[in-house]
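Open the structure in your viewer and keep the selection tool at hand. Each stop below says what to select and what is there.

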Amino acid sequence: MATKERLASLLEREDGKFISGEAIAEILGITRAAVWKNIRLLQEDGYLIEAVKNRGYRLTGANDVLSPGSVTKYLGGAAEEFSLEVTGSVTSTNTVMKERADSLPDWHVLIAQSQSEGRGRSGRSFYSPAETGLYISIIQRPDIPAWQATKITTAAAVAACRAIEECTGESAGIKWVNDVYVRNRKVCGILTEASFSMETGELEWVIMGIGFNVYEPQGGFPEDIAHIAGAISTERIKDLRSRMAASFMKHFRDLCRDLNASDFYSEYRKRSFIIGRQITVFKAEGPVNAEAVGIDDECRLEVVYGDGTRETLSSGEVSIRTV
C-alpha cells in the first residue's frame, strides 16, 4: 500500500481526532516533510483535512471520499468475504473486471470514484462523474444455469434499495428490470455481463456492475438525462458513499446465497412500481403498448397487449406511459 493510502487509513481510523505530524511520521516510518507532502496529495484527491498548529491533522466531518479503509470499516466481519479494490478513475469497472476475469477470485469487488466510459444497457453510456457517484463491479461464479443470470440483476436491484434505505432513510423502488428510483427519479442503474461455456452451457463468471447517483453533480445532470436522473441524497453526509458501498455489498452477498428464496421474489415484487401500470414495450420492430400485470418467480415481466395477447419478458426495455 502506498504512503498516501496508509496515511488515509490512519486518519480514518482516528475518526475525526487530531493526530500530530510527529506521530504520523513515526507510525508510517516517514519524514515530517513526507507527511505534509502526502497530506497535500490526499487533499488533491478530495479529502477534507484540517491542520492545526501544535495539534496535527484530522479529517473533517464532511468527508465522503472512497478508500479501501473507509469501506472496510463499515463491512465489519463481512470484509473477509470479499477481496476489495478501490481506485480513482477507470474507463468502466465492468470493462476492467472483464479484462481480468480469469485471474480474479470470486467476490472480488472493484469500486471506482469515476468512470470515463461508463456503460449502461443496450450500449448506452452511463454518466459517471467524480465525487458524486459510486461505481461498483463484483465478480462471482454462481452454480446456476445461464438462463437464470437475470436473477443476479434483480438481486442487485433489491440490495441497492436496501442499501439506500438503510443509509439514508429514503424509500426506493424498482422499475423492471434494473433501474432503481428515489423520489420518482432514477438514481441507480445495473449492468450484468456473463461468460458461459459453449460446450456445457454453464456460466463461467458473472460480473454485476452498478452505478449510484449519490449526490447531484455541480451544475446538475446533463441535459439528455436531466428529465429522469436524480440523486439519492440532497445533502452531503459523512462517509455516505462508503457506507452505501458496504451496505450494498453485504445485502447483495446475502441475496446471492439463495437466488431461489421466496422472500427475495416477494420483496422484488413489493418494490416494483410498474405492476398494474400502462407501459410501452420497446421491441426490435418498434414500441408496443401494454399493461404490466405481474412478475413471475424467474423475475420475468408479464404483460398483456392491447389485443389481449400475453407475453413474459425476460429482458428488454419498457417505459411507463402517462394516460
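The tour follows a predicted model, stop by stop.

**Stop 1: the first hairpin**

Select residues 49-52 and 56-59. These are strand 1 and strand 2, paired in the antiparallel sense over four bridges. Pick out Ala51 and look across: its bridge partner in strand 2 is Tyr57. The two strands make a hairpin with three residues between them.

Now select Asn54, in the loop between strand 1 and strand 2. Its phi is positive, about 70°, although Asn54 is not a glycine. Most residues other than glycine have a negative phi.

**Stop 2: the seven-stranded sheet**

Next, colour the strands of the open sheet with the order 3-4-5-9-8-7-6. Seven strands form this sheet, and the pairing is mixed. Find its edges at residues 83-90, strand 3, and residues 173-175, strand 6. Each of these edge strands pairs on one side only. Look at the twist as well: neighbouring strands of this sheet are turned by 20° against each other on average, with direction ignored.

Stay at the strand 3 edge and add strand 4, residues 108-115. Strand 3 and strand 4 run parallel and are joined by seven bridges. For one of these pairs, select Leu84; its bridge partner in strand 4 is Val109.

Then go to the other edge. Which peptide bond is cis, with omega near 5°? Select Trp176 and Val177: the bond from Trp176 to Val177 is the one. Val177 sits in the loop between strand 6 and strand 7, the latter covering residues 179-182. Most peptide bonds are trans.

**Stop 3: helix 7 against helix 6**

Select residues 150-168 for helix 6 and 240-256 for helix 7. Two packed helices are described by the angle between their axes and the distance between the axes. Here the angle is about 140° and the axes lie 8 Å apart. That angle makes helix 6 oblique to helix 7. The crossing is right-handed.

Show the side chains of the contact. On the helix 6 side, choose residues including Ile152, Ala156, Ala159, Ala163 and Cys167. On the helix 7 side, choose residues including Leu240, Met244, Phe248, Phe252 and Leu255. Arg162 and Glu166 of helix 6 also take part, as do Arg243 and His251 of helix 7. By class, the contact has 15 nonpolar, three polar and three charged residues.

**Stop 4: helix 7 against helix 4**

Keep helix 7 and add helix 4, residues 68-75. The angle is about 50°, with the axes 8 Å apart. Helix 4 and helix 7 are therefore oblique to each other. Helix 4 passes helix 7 in a right-handed crossing.

Display Ser70, Val71, Tyr74 and Leu75 of helix 4. They make the contact with Ser242, Arg243, Ala245, Ala246, Met249 and Lys250 of helix 7. These residues divide into six nonpolar, two polar and two charged.

**Stop 5: a salt bridge from helix 7**

How many salt bridges does the model have? The count comes to 19, with side-chain nitrogen and carboxyl oxygen within 4 Å as the rule. To see one of them, select Arg241 and Asp64. Their closest N and O atoms are 3.7 Å apart. Arg241 lies in helix 7 and Asp64 in the loop between strand 2 and helix 4, so the pair ties together parts that are 177 residues apart in sequence.

**Stop 6: the five-stranded sheet**

Finish with the open sheet of five strands in the order 13-12-11-10-14. Its pairing is antiparallel. Strand 13 (310-313) and strand 14 (317-320) stand at the edges, each with a single partner strand, so one side of each has no neighbour in the sheet. Neighbouring strands here are turned by 40° against each other on average, direction ignored.

Inside the order, select 278-283 and 286-295, which are strand 10 and strand 11. They run antiparallel and are joined by six bridges. Val281 stands opposite Val288 in strand 11.

Last, select strand 12, residues 301-305, with strand 13. Four bridges join this antiparallel pair. Val304 stands opposite Arg310 in strand 13. The two strands form a hairpin with four residues between them. In the turn, look for Gly308: its phi is positive, about 95°.

Technical notes: Residues are numbered from 1 along each chain as its sequence is written. This is a predicted model: local features need pLDDT of at least 70, side-chain atom pairs count only at pLDDT 80 or more; totals for chains, interfaces and linings use all residues. Side-chain values use heavy atoms; hydrogens and water are left out. Axes are lines fitted to C-alpha atoms, for helices over the stretch in contact, and angles run from 0 to 180 degrees between N-to-C directions. Angles under 35 degrees count as roughly parallel, over 145 as roughly antiparallel, 65 to 115 as roughly perpendicular and the rest as oblique. A crossing is left-handed if the near helix is turned anticlockwise from the far one by less than a right angle, and right-handed if clockwise. Contact means heavy atoms within 4.5 Å. Ala, Val, Leu, Ile, Met, Phe, Trp, Tyr, Cys and Pro count as nonpolar, Asp, Glu, Lys and Arg as charged, and the others, Gly among them, as polar. Two strands pair if DSSP finds at least two bridges between them.
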